Amino acid sequence: MCQHKTPCPTADASDREAARTLARDDVLGWALLCNGVLTFDDTGELLPDGQIIPPHRPTALAGAAA
């Protein structure tokens, strides 16, 4: 999908969120990346194959445990 000179990470890569943004809607809180991943402001993701990645933002509880 990505046609950049240095290709973006694929949708199944662990760093998939590093891909370039093709489109975004700041009102609705989503961005479409060039690898086909939809990212949401709550850090959830929808992969091109339909797989849902639940929000994974850090929480205050996680910070306290570190």
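# Pairing, burial and charge in a predicted model

Student: Strand 1 and strand 2 run antiparallel; how many bridges join them?

Tutor: This is a predicted model, in which local features need pLDDT of at least 70 and side-chain atom pairs count only at pLDDT 80 or more, while totals for chains, interfaces and linings use all residues. Residues are numbered from 1 along each chain as its sequence is written, and side-chain values use heavy atoms, with hydrogens and water left out. Helices (H or I, at least four residues) and strands (E, at least two) are DSSP runs numbered from the N terminus, and two strands pair if DSSP finds at least two bridges between them. For strand 1 and strand 2, the number of bridges is four.

Student: Which glycine in the turn between strand 1 and strand 2 has a positive phi?

Tutor: These two strands form a hairpin with four residues between them. Within strand 2, Ala31 is the bridge partner of Arg24, and Trp30 is that of Asp25. The turn residue with a positive phi, about 85 degrees, is Gly29.

Student: Which residue of strand 3 is the bridge partner of Trp30?

Tutor: Strand 3 comprises residues 38-40 and pairs with strand 2 over three bridges in the antiparallel sense. The hairpin of these strands also has four residues between them, and Gly36 takes a positive phi near 90 degrees. In strand 3, the partner of Trp30 is Phe40.

Student: Which strands are the edge strands of the sheet?

Tutor: The sheet is open and antiparallel, its five strands lying in the order 1-2-3-4-5. An edge strand here pairs on one side only. The edge strands are strand 1 and strand 5 (52-53).

Student: Which side chains of strand 2 point to one face and are buried?

Tutor: In a regular strand, side chains alternate between the two faces of the sheet. Buried means under 20% relative accessible area, exposed over 50%, and partly exposed in between (1.4 Å probe, protein chains only). Along strand 2 (residues 30-33), Trp30 and Leu32 point to the other face and are not buried. The buried side chains are Ala31 and Leu33.

Student: Is Thr39 buried or exposed?

Tutor: Thr39 belongs to strand 3. Leaving aside neighbours within four places in sequence, Thr39 is in contact (heavy atoms within 4.5 Å) with residues including Trp30, Ala31 and Glu45. Because its relative accessible area is 16%, Thr39 counts as buried.

Student: Which residue forms a salt bridge with Glu45?

Tutor: A salt bridge is a side-chain nitrogen of Lys or Arg within 4 Å of a carboxyl oxygen of Asp or Glu, and by this rule there are two. Glu45 lies in strand 4 (residues 45-46), and its partner lies 29 residues away, in the segment before strand 1 (21-25). Both residues are buried. The closest N and O atoms are 2.6 Å apart, and the partner of Glu45 is Arg16.

Student: Why does Asp26 count as exposed?

Tutor: Asp26 forms a salt bridge with Arg24, the closest N and O atoms being 2.8 Å apart. Asp26 counts as exposed because its relative accessibility is 58%.

Student: Which residues make up the largest nonpolar core?

Tutor: In soluble globular proteins, nonpolar side chains tend to be buried together. A nonpolar core is a set of buried Ala, Val, Leu, Ile, Met, Phe, Trp, Tyr and Cys residues joined through side-chain atoms within 4.5 Å. The largest one has eight residues: Cys8, Ala11, Ala19, Leu33, Cys34, Val37, Leu47 and Ile53.

Student: What is the C-alpha to C-alpha separation in space of Leu47 and Ala11?

Tutor: Leu47 is in the loop between strand 4 and strand 5, and at 8% relative accessibility it counts as buried. Not counting residues up to four places away in sequence, Leu47 touches Ala11, Arg16, Val37 and Ile53. Leu47 and Ala11 are 36 residues apart in sequence, and their C-alpha to C-alpha separation is 6.5 Å.

Student: Which residue has a positive phi although it is not a glycine?

Tutor: The residue lies in the loop between strand 3 and strand 4. At 24% relative accessibility, it counts as partly exposed. Its phi is about 75 degrees, and the residue is Thr43.

Student: What percentage of the 66 residues in the chain is buried?

Tutor: The chain has one helix and five strands, following the pattern β-β-β-β-β-α along the sequence. Of the 66 residues, the buried share is 27%.
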